[in-house]
Amino acid sequence: QVQLVETGGGLVQAGGSLRLSCAASGRTLSIYRMGWFRQAPGKEREFVAAFALWSGISTDYQPSVKGRFTISRDNAKNTVYLQMNSLKPEDTAVYYCAASRDGTNYAYWGQGTQVTVSS
């Protein structure tokens, strides 16, 4: 099993920045890919960013965040980050990190952290 805990959410003004952290524990060596997803009120959960955990390659971003968000990792700390710059009100959502063993199916999820961007 893999446990994921997100931190770093909060309230920020438009144009500001936040960095989310996702600490992984348990069978982390079994993780192939980690990603960030978000869910805004009344909307379906959507993909934000992901990469291959141990190599950091094969990085993907949702087009609306590309150039503003950066996914990164500190393997020594088993932690994945999402640096979010130039935040917009439409980025307001609960952000979740998730882990996949096969690169396709995300079987492990954190509890989520709220990000609110005021205009």
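# Threonine 92, strand E8 and the core

Visitor: Which residue has its backbone nitrogen 2.9 Å from a polar atom of the threonine 92 side chain?
Guide: Take a polar contact as a pair of N or O atoms within 3.5 Å; within protein, one must be able to donate a hydrogen and the other to accept it, and residues adjacent in sequence count only if both atoms are side-chain atoms. This is a predicted model, where local features need pLDDT of at least 70 and side-chain atom pairs pLDDT 80 or more, while totals for chains, interfaces and linings use all residues. Numbering starts from 1 along each chain as its sequence is written, and side-chain values use heavy atoms, without hydrogens or water. The residue at 2.9 Å is valine 117.

Visitor: Where does threonine 92 lie?
Guide: Its side chain also has a polar atom 2.9 Å from the backbone oxygen of proline 89. Beyond four places in sequence, threonine 92 touches Ala40, Gln114, Val115, Thr116 and Val117, where contact means heavy atoms within 4.5 Å. Strands (E, at least two residues) and helices (H or I, at least four) are DSSP runs numbered from the N terminus. Threonine 92 sits in the loop between E8 and E9.

Visitor: How many helices and strands does the protein chain have?
Guide: Read along the sequence, the pattern is β-β-β-β-β-β-β-β-β-β-β. The count is zero helices and eleven strands.

Visitor: How many of the residues of E8 are buried?
Guide: Buried means under 20% relative accessible area, exposed over 50%, partly exposed in between (1.4 Å probe, protein chains only). Across the 119 residues of the protein chain, 45% are buried. E8 is mostly covered. Its buried count is five of six.

Visitor: Over how many bridges do E7 and E8 pair?
Guide: Two strands pair if DSSP finds at least two bridges between them. E3 and E8 do so in the antiparallel sense, over six bridges, with alanine 23 partnering threonine 79 of E8. Between E7 and E8, threonine 70 has glutamine 83 as its partner. That pairing too is antiparallel, and its bridges number six.

Visitor: Which residue takes a positive phi in the hairpin of E7 and E8?
Guide: Four residues stand between the strands of this hairpin. The positive phi is near 50 degrees, at asparagine 78.

Visitor: Which residues touch the most other members of the largest nonpolar core?
Guide: Such a core is a set of buried Ala, Val, Leu, Ile, Met, Phe, Trp, Tyr and Cys residues joined through side-chain atoms within 4.5 Å. This one has 29 residues, and those with the most partners are Leu4, Trp36, Leu82, Met84 and Tyr95.

Visitor: Which strands each supply at least two residues of this core?
Guide: Leucine 82 shows the spread of contacts: outside four places in sequence, its partners include Leu18, Trp36, Val48, Phe69, Ile71 and Tyr95. The contributing strands are E1, E3, E4, E5, E7, E8, E9 and E11.

Visitor: Is threonine 113 buried or exposed?
Guide: Threonine 113 belongs to strand E11. A polar atom of its side chain is 3.1 Å from the backbone nitrogen of glycine 9. Its contacts beyond four places in sequence include Glu6, Gly9, Leu20 and Tyr95. With a relative accessible area of 11%, threonine 113 is buried.

Visitor: What share of the contacts with a separation of 6 or more joins residues 24 or more positions apart?
Guide: The C-alpha atoms fill a box of roughly 40 × 25 × 25 Å along the principal axes. For contacts in the protein chain, the share is 53%.
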